[in-house]
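Student: I would like a close look at a single part of this model, followed outward to the elements and loops around it. Please set it out as one connected account.

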Amino acid sequence: MRGFLASSIGVTCAAALALPLTLPASAAPSAAPATQSTSGARPASTTAAAPDLPGSTQSLPLTPRTRDRTFGAAPEQGLTRADVHRFSLVGVTWADPDTELHGRVQVRTRATATGDWSGWQDIDTHNEDHGADPGTAERDSGHVHGSTAPLWVGDSDGVDVRVRADTAETRTVGNNSEPASGLPTGLHLELVDPGAAQAPLAGARATTNRSHNRTATPRLAATELPALSKQATERELVALGHKAQPYIGPRPRIVTRHGWGADEKLREKGFVYTKKVKAAFVHHTATGNNYRCSQAPSVIRGIYRYHVKSSGWRDIGYNFLVDKCGTIYEGRAGGVAKAVMGAHTLGFNTNSMGIAVLGTFGSAKPSSAAVTAIAKLTAWKLGLYGVNPRGKTYLKSGGGNLYRKGKNVRLNVISGHRDGFATECPGRQLYGKLGSARSTSARYQGR
């Protein structure tokens with residue numbers, strides 16, 4: 001089903017605008033990216049957004065450090081600064097996206113409110129499993145860098161980071177062993193200030209103008225798409241001239257990009273679509289669990305800025321994000337009901353969507369609200385394309401460390417990131433909840 005309620009309110013607008021509800025007649029992959037330089041170089045000094053734009057990014061080069069007993073004799077780089085602009089999210093990047101960081105990254109930060117320093121926290125270094133597929137325009141733009149996962153640390157104004165390479169003489173990659181190497185070149189510490197939230201718009205919700213077959217928005221862009229009942233979801237599709245699907249879940253409430261304060265000037269212009277949505281990959285953001293639900297929009301703005309300004313992606317990588325209270329947020333721009341190509345599961349971004357739960361779930365359990373939100377979102381979005389959440393599907397690999405490029409891989413319709421790539425994501429605890437999410441999602445569809 002290629003033409004249906006696209007709810008293109010996901011393409012956030014800043015003025016009164018009526019957006020078409022249907023997909024193009026042919027939804028083949030397409031893009032209209034902004035023209036960019038092919039140089040991957042970055043300025044060595046701190047970079048920040050213009051004063052009228054929310055948020056900033058400080059990119060600080062790391063330098064060799066004296067080795068301490070904690071890190072032994074491993075090659076080490078780091079940085080200590082007590083004079084930086086305030087930030088809330090940190091990560092480490094390097095020049096070559098094809099080079100992995102085999103080692104350990106730790107950071108401690110000074111809280112702005114109290115002046116107290118935190119203890120050392122680990123940053124997840126295994127982020128190469130995210131990103132655009134090999135051979136795509138986004139991946140080959142010349143702007144992409146290698147990067148760790150980002151870590152949410154809260155409002156801070158001082159930082160101490162240390163990065164060390166593995167000390168083992170060899171490391172295991174899949175079923176093979178290869179010599180351990182030093183640290184990647186061009187290591188930078190990225191300090192992200194997500195900026196202040198925009199003032200909410202009272203009652204700013206998307207509405208459907210059925211007589212004109214369009215989604216109408218208030219004077220300013222809507223902050224959310226309200227939830228609809230299953231019957232209302234079905235009626236809306238019929239009213240828009242589309243055949244009702246036999247199984248479709250009710251549309252859940254979705255906070256739009258405008259709702260979480262996306263600065264649309266950061267991302268590339270234009271959008272990239274694939275033909276359909278056959279599967280959903282579930283992720284965790286690995287940003288830690290030390291956030292309040294009221295801070296979730298700030299966390300997402302931080303991830304968005306990190307993906308675009310630090311990692312060099314065209315937009316935030318995930319199609320949707322979910323917080324610990326079960327709130328669903330629109331991710332990559334292009335329309336929440338459209339088959340927008342994301343950068344979430346390396347090798348399997350075509351004909352899929354990526355849902356990231358804010359947090360880290362290796363040992364911590366995800367909230368029941370977050371798991372329920374995954375079920376509601378997949379019941380609706382997969383239902384638009386006639387897909388059974390409890391079913392299996394085939395996706396063609398774009399290349400990765402589990403499946404060669406071109407291989408047709410049989411996967412669960414609702415899969416974890418680790419099903420398409422050898423990674424810990426979405427964490428053992430969240431991965432263990434996917435069976436429940438599949439069953440609940442199918443029930444929401446009436447199966």
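Tutor: In this predicted model, Phe-320 has a wide set of partners once its neighbours within four places in sequence are left aside: it is in contact with Ile-254, Ile-328, Tyr-329, Glu-330, Gly-331, Val-336, Met-353, Gly-354, Ile-355, Ala-356, Leu-377 and Lys-381. Phe-320 and Ile-355 are the residues with the most contacts inside the largest nonpolar core, a set of 32 residues. Two or more residues each come to this core from strands S17 (279-284), S18 (320-322) and S20 (352-357), and from helices H4 (368-384) and H6 (434-444). The greatest share is that of H4, with eight residues. Another core, of 22 residues, lies apart from this one and includes Val-84, Leu-151, Val-159 and Leu-191.

The strands S17, S18 and S20 belong to an open sheet of seven strands with mixed pairing, in the order S15-S16-S19-S18-S20-S17-S23. At its edges stand S15 (224-225) and S23; each has a single partner strand, so one side of each is left without a neighbour in the sheet. S15 runs antiparallel to S16 (residues 254-255) and is joined to it by two bridges, with Glu-224 opposite Val-255 of S16. H4 packs on this sheet and touches S16, S17, S18, S19, S20 and S23, its direction making about 165° with that of S20. H6 also packs on the sheet, where it touches S17 and S23; its direction makes about 165° with that of S23.

The loops that adjoin these strands hold several residues of note. Between S17 and helix H3 (296-310) lies the loop that contains Ala-286. The phi of Ala-286 is near 60°, a positive value in a residue other than glycine. Most residues other than glycine have a negative phi. Because its relative accessible area is 11%, under the 20% cut-off, Ala-286 counts as buried. Asn-351, in the loop between S19 (328-330) and S20, likewise has a positive phi of about 60° without being a glycine. With a relative accessible area of 16%, Asn-351 is buried as well.

At the edge strand S23 (414-416), the loop that leads to helix H5 (428-431) contains Pro-426. The peptide bond from Cys-425 to Pro-426 is cis, with omega near 10°. Most peptide bonds, by contrast, are trans. His-417 is placed in the loop between S23 and H5, and His-417 is buried, with a relative accessible area of 0%. Its side chain makes a polar contact of 3.1 Å with that of His-283. Beyond its neighbours within four places in sequence, His-417 is in contact with Asp-129, His-130, Phe-281, Val-282, His-283, His-344, Thr-345, Leu-346, Thr-423, Cys-425 and Pro-426. Both residues of the cis peptide bond, Cys-425 and Pro-426, are thus in the list of contacts of His-417.

One helix remains to be described. In H1 (residues 230-239), the residues Ala-232, Thr-233, Glu-236 and Leu-237 are buried. They cover an arc of only 140° around the axis, which puts them on the same side of H1. Just after H1, Gly-241 takes a positive phi of about 85°.

Methods. Residues are numbered from 1 along each chain as its sequence is written. This is a predicted model: local features need pLDDT of at least 70, side-chain atom pairs count only at pLDDT 80 or more; totals for chains, interfaces and linings use all residues. Side-chain values use heavy atoms; hydrogens and water are left out. A nonpolar core is a set of buried Ala, Val, Leu, Ile, Met, Phe, Trp, Tyr and Cys residues joined through side-chain atoms within 4.5 Å. Buried means under 20% relative accessible area, exposed over 50%, partly exposed in between (1.4 Å probe, protein chains only). Helices (H or I, at least four residues) and strands (E, at least two) are DSSP runs, numbered from the N terminus. Contact means heavy atoms within 4.5 Å. A polar contact is a pair of N or O atoms within 3.5 Å; within protein, one must be able to donate a hydrogen and the other to accept it, and residues adjacent in sequence count only if both atoms are side-chain atoms. Two strands pair if DSSP finds at least two bridges between them. Axes are lines fitted to C-alpha atoms, for helices over the stretch in contact, and angles run from 0 to 180 degrees between N-to-C directions. The arc is that of the directions from the helix axis to the C-beta atoms.
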